[in-house]
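Please work through the following exercises with the sequence and the model in view, trying each task before reading its solution.

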Amino acid sequence: MFKARSFAAGAALVISTLASSHAFAASTLDAVKEKGHLQCGVTNGLPGFSQPDQDGNWTGIDVDTCRAVAAAVFGDAKAVEFTPLTAKERFTALQSGEIDMLSRNTTWTLTRDASLGLNFAGVNYYDGQGFLINKGIGVDDATQLSGATICIQSGTTTELNLSDYFRAKGMDFKPIVFDTSEQTVQGFSAGRCDVLTSDRSQLAALRSKLADPDSAKILPNTISKEPLGPVVRQGDDQWFNIVKWVLSVQINAEELGVTSANVDDMLKSDNPSIQRLLGTDGDMGSKLGLQEDFGYEVIKNVGNYGEMYARNVGPDTPLGLDRGINALWTDGGILYAPPVR
Amino acid sequence: MKKQTIESSPAGPRPWYDPRVRSIFFQIVAIALVAWGGWTLVDNTLSNMESRGISTGFGFLDESAGFAIIMHLVPYDATMSYGRTFWVGLTNTLLVSAMGIVAATILGFIIGVARLSNNWLVAKISLVYIEVIRNIPLLLQIFFWYFAVLSNLPSPRQSVDVGGAVFLNNRGLYLPEPLTQDGFGLVWAAIIIAIAAVAGLKIWARKRQLATGEIFPTFKVGVAILVLLPVVAYASAGQPLEWDIPALKGFNFGGGITLIPELAALWIALSLYTASFIAEIVRSGILSVSKGQTEAAKALGLPNGLSLRLVVIPQAMRVIIPPLTSQYLNLVKNSSLATAIGYPDLVAVFMGTTLNQTGQAVEVVAITMAVYLTISLLISLFMNIYNRAVAIKER
């Protein structure tokens with residue numbers, strides 16, 4: 001099954017590259033409007049980021065990032081269809097045009113930016129790689145992990161960071177590489193590995209999936225920088241700008257105190273920043289090729305960044321992640337969006 | 001004069017009415033179309049990938065890979081190149097395929113023969129085995145052997161201990177590793193001499209049988225030579241072998257040879273699954289030999305074992321070999337399901353991690369497909385050579 005999927009993705013890439021380059025010169029925005037929905041690539045199940053609930057509705061911070069773009073384009077956050085992808089399939093799916101944007105806790109790196117024909121349109125979660133271990137094993141720090149067997153997901157930056165970290169510390173380890181994060185959890189619970197490594201947010205999510213979450217703990221070490229964000233194809237600057245600025249609008253809205261609850265009142269605000277944000281003044285929308293009130297639609301339908309965070313990964317969710325560095329720059333975090341003007 | 005010649009020789013049709021010329025012409029056109037199609041495919045792919053800023057070419061094979069692989073038959077560490085990860089993946093694929101082919105063949109022949117047994121219980125057990133195993137998807141069987149068996153094994157600290165040298169836990173099977181010391185060359189020499197001696201013995205015994213009709217117990221004597229000669233050499237060279245015995249260090253056992261559970265699960269699943277198909281092929285092969293052949297062998301006074309070995313099986317092989325070849329090919333291709341349980345085969349390592357870290361899907365997928373094609377064609381070639389050897393010789 002996995003094999004078939006990868007082959008299919010590869011074949012799709014070959015076939016799509018055969019199509020004349022005119023097809024790709026056409027604007028993604030027009031193509032999305034014509035289809036009537038946004039096709040968005042997400043994970044195949046990661047609590048807090050993208051996971052279907054009991055009723056089959058996708059939820060998560062990555063999912064909301066897609067919905068915000070749909071709200072900006074259509075004024076309707078439901079005009080999205082989701083394509084679940086493994087880490088291995090994600091870039092091929094985007095390159096081949098199978099999806100319009102990728103929002104799948106994907107780390108922004110130079111190689112990915114420069115050699116895959118893709119652009120990262122910002123960061124919707126600042127993460128770092130950590131270790132999940134069984135409490136019974138009696139390890140408090142990652143430097144005690146020499147010789148450990150480690151479960152890991154294939155095709156991630158995590159695989160490289162792990163190798164670098166152990167090499168730098170002069171320790172050895174045995175990697176067990178699985179296709180999906182589900183399988184890494186299975187391997188971890190079956191006792192195949194001592195340690196599960198991934199981005200810290202993912203570890204919190206995966207830990208909540210364990211039969212007994214209290215039996216495992218996350219080590220304090222963070223061994224890498226993992227800025228996660230939405231990705232689009234290179235060569236369509238308009239679409240790149242739309243995805244980038246929808247996220248910026250959400251962050252600016254939090255900074256300006258605009259929420260989905262008060263956005264209708266805020267339409268009457270005489271703060272020029274809020275007026276530009278919601279489209280009551282200026283022509284910010286048409287500069288991007290969108291309706292003037294795209295900012296209003298995003299906040300009304302999906303909410304600002306803070307709401308998105310609290311709803312999906314915040315302290316009141318099973319993941320229980322504090323804002324930490326993902327707080328606004330005004331609150332001691334590093335979240336800082338360029339101004340809407 | 002000239003006119004006469006034309007009239008006297010039967011005037012052939014004009015070139016465009018000549019069937020021979022026509023057929024050559026259309027073949028050239030067909031080849032040109034295929035070549036043009038292929039070239040357009042490659043050229044379009046390359047230029048479109050370039051226009052979209054996707055890196056192309058095989059330069060990435062020399063870049064440093066930077067990730068670790070749990071099991072490698074060729075030397076490997078994270079500082080080596082992506083090209084090396086290809087060899088690691090390939091050798092792991094070949095290892096599990098070879099192990100699977102050997103085990104599936106042996107098991108398949110045993111079950112196939114058992115299926116025809118006169119013993120009701122043995123025949124029915126084989127029947128149930130075949131019907132159950134071959135009707136469950138292979139991927140499920142791999143998961144079963146991996147997760148069902150894995151979760152029943154103890155953790156490293158509670159390992160099953162066999163004589164303080166062999167350990168079994170959910171991280172794998174740990175065996176002592178023989179380390180050859182100075183003087184082991186003598187043992188190697190003894191092994192080579194023993195093999196040569198057995199080969200000579202076989203030729204001599206056959207000549208003698210043809211001349212006198214007397215049968216020499218080649219098998220028993222051969223085994224004796226193969227075992228005794230190296231043992232004597234080993235003892236006289238002062239036992240030049242030391243054992244690296246696995247020991248619990250920190251998280252896990254270190255030293256010795258490790259058989260990782262991923263390999264074991266994949267091997268077991270592939271072998272059992274393919275054996276069920278091979279068993280049916282063997283049964284059909286044996287049934288294809290007419291009863292008259294067995295009766296004739298009996299009439300000549302051949303005992304059961306000999307009539308099976310000399311009369312039935314050689315004829316059955318003619319029916320068995322061709323479908324057996326496709327089972328071998330299936331097994332090799334099915335080994336790519338390894339990626340589901342994290343066994344580092346070619347698809348998992350090269351078409352998985354390497355593809356992802358480099359993003360060069362077209363090149364990596366093309367290489368991988370070419371490798372499977374090559375392996376399959378090679379197996380076909382060898383099996384066809386073998387098939388020609390056992391096929392009916394028409395004189």
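**Exercise 1: the length of a helix**

Task: compare the expected and the actual span of helix H7 (residues 218-236) of chain B.

Solution: The expected span is 1.5 Å times one less than the number of residues, so the 19 residues of H7(B) should span 27 Å, and the end C-alpha atoms are indeed 27 Å apart, which agrees. Helices here are DSSP runs of H or I with at least four residues and strands are runs of E with at least two, both numbered from the N terminus. Just after H7(B), Gly238(B) takes a positive phi of about 85°.

The model is a predicted one, in which local features need pLDDT of at least 70 and side-chain atom pairs count only at pLDDT 80 or more, while totals for chains, interfaces and linings use all residues. Residues are numbered from 1 along each chain as its sequence is written, and chains are lettered from A and ligands numbered from 1 in the order in which they are written.

**Exercise 2: two packed helices**

Task: describe how helix H3 (residues 82-115) and helix H4 (residues 120-134) of chain B pack.

Solution: Begin with the geometry, where the axes (lines fitted to C-alpha atoms over the stretch in contact, with angles from 0 to 180 degrees between N-to-C directions) lie 7 Å apart at an angle of about 125°. That angle makes H3(B) oblique to H4(B), since angles under 35 degrees count as roughly parallel, over 145 as roughly antiparallel, 65 to 115 as roughly perpendicular and the rest as oblique.

Next, list the contacts, which require C-beta atoms, placed from the backbone, within 7 Å: Ile111(B), Ala114(B) and Arg115(B) in H3(B) meet Val122(B), Ala123(B), Ser126(B), Leu127(B), Tyr129(B) and Ile130(B) in H4(B). By class, this contact has seven nonpolar, one polar and one charged residues, where Ala, Val, Leu, Ile, Met, Phe, Trp, Tyr, Cys and Pro count as nonpolar, Asp, Glu, Lys and Arg as charged, and the others, Gly among them, as polar.

**Exercise 3: a sheet**

Task: find the strand order and the edges of the open sheet in chain B.

Solution: Four strands follow the order S1-S2-S3-S8 with antiparallel pairing, a pair needing at least two DSSP bridges. The edge strands, each pairing on one side only, are S1 (160-162) and S8 (257-259) of chain B. Within the sheet, S2 (residues 166-169) and S3 (residues 172-175) of chain B pair over three bridges, and Leu168(B) stands opposite Leu173(B) in S3(B).

**Exercise 4: the two chains**

Task: state how many residues of chain A and chain B are in contact.

Solution: 44 residues of chain A are in contact with 45 residues of chain B. On the side of chain A, H1(A) gives the most, with eight residues.

Conventions:
Two residues are in contact if their C-beta atoms, placed from the backbone, lie within 7 Å.
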